[in-house]
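Let's take a walk through this one together, from the cysteines to the core and then out to the loops. Have the model open and turn it as you read.

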Amino acid sequence: MKKSILLISLAVLPFIGYSQNVLPDWALGGFVRPEKANPIITPDPSSKFDCPMQGKTIGWEESDVFNPAATVKEDKICILYRAEDNSATGIGKRTSRIGLAESEDGIHVQRRSSPVMYPDKDNMKEYEWPGGCEDPRVAMTEDGLYVMAYTSWNRKVPRLCIATSRDLIKWEKHGPAFAKAYNGRFKDMACKSGSMVTKIEKGKQVLAKIDGKYFMYWGEHMVAAATSEDLVNWTPVLDDKNELAAVIKPRDRYFDSALTECGPPAVMTDKGIVLLYNGKNQTNDGKRDKRFTAGAYCAGQILTDARKPMKVLQRLDVPFFRPMASFEKSGQYVDGTVFIEGLVFFKNKWFLYYGCADSQVGVAVYDPAKKTPGDQIPN
């Protein structure tokens, strides 16, 4: 009898101090990390690239790989990930380029040896030299045009920029997303993280329109929004004071107390529009959520009205996805990061791709046919 009691105690011990994270019916998830699969992309010092900016051959993904976008092409998941060379030490101090990997099952990948997006001797030199191209999000139109929202980084001002492609390899750079809006008022504003609204149509995830226009959530310090007729030129949504209108902002003593940074393309569902975002915890003890590590990035979700996308209907109070595995808490960002940027609907499942501590790439999978909780929450 005593032995049986001991075994039961040991069985429940790992769950003491945690609460099950039951997600509401409108949310996507829970997302499950495939067993013994992560990280799926790691740095590769053997990959070489003749860099037009540096004028020499470099190890373009030698130091860290992270913050991936994802989309589907020819029945394969394509992952576009940020890669850093070894030109310096520290977040944002090296040059970033965007690489491409393909997967038939969403987990095992084959990588191209050269980047597909990088600082070049082109029309984007003033915006991308020397920091490069960072943190892509990618969505597709119904006729197969891929649209990338990425951050150009000249180490002075980060700008949300747009590029398009038919094959995910050759990209046309269109420049800052807000360059023409309001006579250039927001052209030189620090901005990043564009999550365009998508929908599932005939089994494919494609860009959606709301009232005849494309719609994008964007922002880091708050979630803002913008509209477009051509997917290249975007107009920020303003409030009645003629300032950027906020969808949500950080909340004191919650996991997103420091930042609410847009994640992968938002998804239109029968409940409304679901936006997945990255919430950063404050480092200030009086403002942070003490259940999570100070400075950690966890992932949240909001539900907005499909006809009035600025109107928030629901918001998770705890993250559905948070740093738990060792590779999510060791690397460039030791406070822990699961930075979500890629979300694709593939073979009736959702694949979520994320940066692990700004150093590697991971994946988690949600099967809508199964009711699965989110990551457990510390009490």
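A disulfide here is a pair of cysteine sulfur atoms within 2.5 Å. Keep that cut-off in mind, and remember that you're looking at a predicted model. With that cut-off, how many disulfides does a search of the whole structure find? Zero. Take Cys 133, which is in no disulfide: the nearest cysteine sulfur belongs to Cys 161 and is 8.5 Å away. Cys 133 is buried, at 0% relative accessibility. Cys 262 tells a similar story: the closest cysteine sulfur, in Cys 191, is 12 Å from its own, so that is too far for a bond. Cys 262 also has a relative accessible area of 0% and is buried.

Now for the core. In soluble globular proteins, nonpolar side chains tend to be buried together. In this model the largest nonpolar core has 25 residues, and those with the most contacts inside it are Phe 31, Phe 320 and Phe 321. Which strands each supply at least two residues of this core? They are E20 (273–280), E21 (297–304), E23 (338–346), E24 (349–356) and E25 (360–366). Apart from that core lies another, made of 22 residues, with Ile 58, Ala 83, Tyr 353 and Val 361 among them.

Zoom in on Phe 320. At 0% relative accessibility, Phe 320 counts as buried. Setting aside neighbours within four places in sequence, Phe 320 touches a whole list of residues, including Leu 23, Leu 28, Phe 31, Leu 276, Ile 340 and Leu 352. Polar residues turn up among its contacts as well, including Asn 21, Gln 301 and Asp 375.

The contact with Phe 31 deserves a second look. A pair of aromatic rings is described by the distance of the centres and the angle of the planes. The structure holds 14 aromatic pairs. In the one between Phe 31 and Phe 320, the centres are 5.9 Å apart and the planes make an angle of 50°, which makes the pair tilted. This pair links distant parts of the chain, with the two residues 289 apart. Phe 31 sits in the loop between strand E1 (18–21) and strand E2 (49–51), while Phe 320 is in the loop between strand E22 (312–315) and E23. Phe 31 is buried too, with a relative accessible area of 3%. Ring pairs also tie both of them into a cluster with Phe 321, Tyr 354 and Tyr 366.

Tyr 366 brings us to E25, and to the sheet around it. Three strands make an open sheet in the order E23-E24-E25, with antiparallel pairing. E23 and E25 are the edge strands, each pairing on one side only. On average, neighbouring strands in this sheet are turned by 25° against each other, direction ignored. E24 and E25 are joined by seven bridges. Among the partners across them, Leu 352 is matched with Ala 364 in E25, and Trp 350 stands opposite Tyr 366. The two strands form a hairpin with three residues between them, and Ala 357 in the turn has a positive phi of about 55°.

Is E25, an edge strand, mostly covered or open? It is mostly covered, with seven of its seven residues buried. On one side those are Gln 360, Gly 362, Ala 364 and Tyr 366, and on the other Val 361, Val 363 and Val 365.

Compare another hairpin. Strands E10 (residues 158–165) and E11 (residues 172–176) pair in the antiparallel sense over four bridges, with Ala 163 opposite Lys 173. There are six residues between these strands, and Leu 168 takes a positive phi near 70°.

Finally, a few backbone spots in the loops. Asn 348, in the loop between E23 and E24, has a positive phi of about 70° although it is not a glycine. Asn 348 is exposed, at 57% relative accessible area. Asn 183, also not a glycine, has a positive phi of about 60°. Its place is in the loop between E11 and strand E12 (194–201), and Asn 183 is exposed, with a relative accessible area of 83%. As for cis peptide bonds, one joins Asn 38 and Pro 39, with omega about -10°; Pro 39 is in the loop between E1 and E2. Another runs from Trp 129 to Pro 130, with omega near -5°, and Pro 130 lies in the loop between helix H2 (125–128) and strand E8 (132–140).

Methods: Residues are numbered from 1 along each chain as its sequence is written. This is a predicted model: local features need pLDDT of at least 70, side-chain atom pairs count only at pLDDT 80 or more; totals for chains, interfaces and linings use all residues. Side-chain values use heavy atoms; hydrogens and water are left out. Buried means under 20% relative accessible area, exposed over 50%, partly exposed in between (1.4 Å probe, protein chains only). A nonpolar core is a set of buried Ala, Val, Leu, Ile, Met, Phe, Trp, Tyr and Cys residues joined through side-chain atoms within 4.5 Å. Contact means heavy atoms within 4.5 Å. Two strands pair if DSSP finds at least two bridges between them. Axes are lines fitted to C-alpha atoms, for helices over the stretch in contact, and angles run from 0 to 180 degrees between N-to-C directions. Rings of Phe, Tyr and Trp (its six-membered ring) pair if their centres lie within 6.5 Å; planes under 30 degrees apart count as stacked, over 60 as edge-to-face and the rest as tilted.
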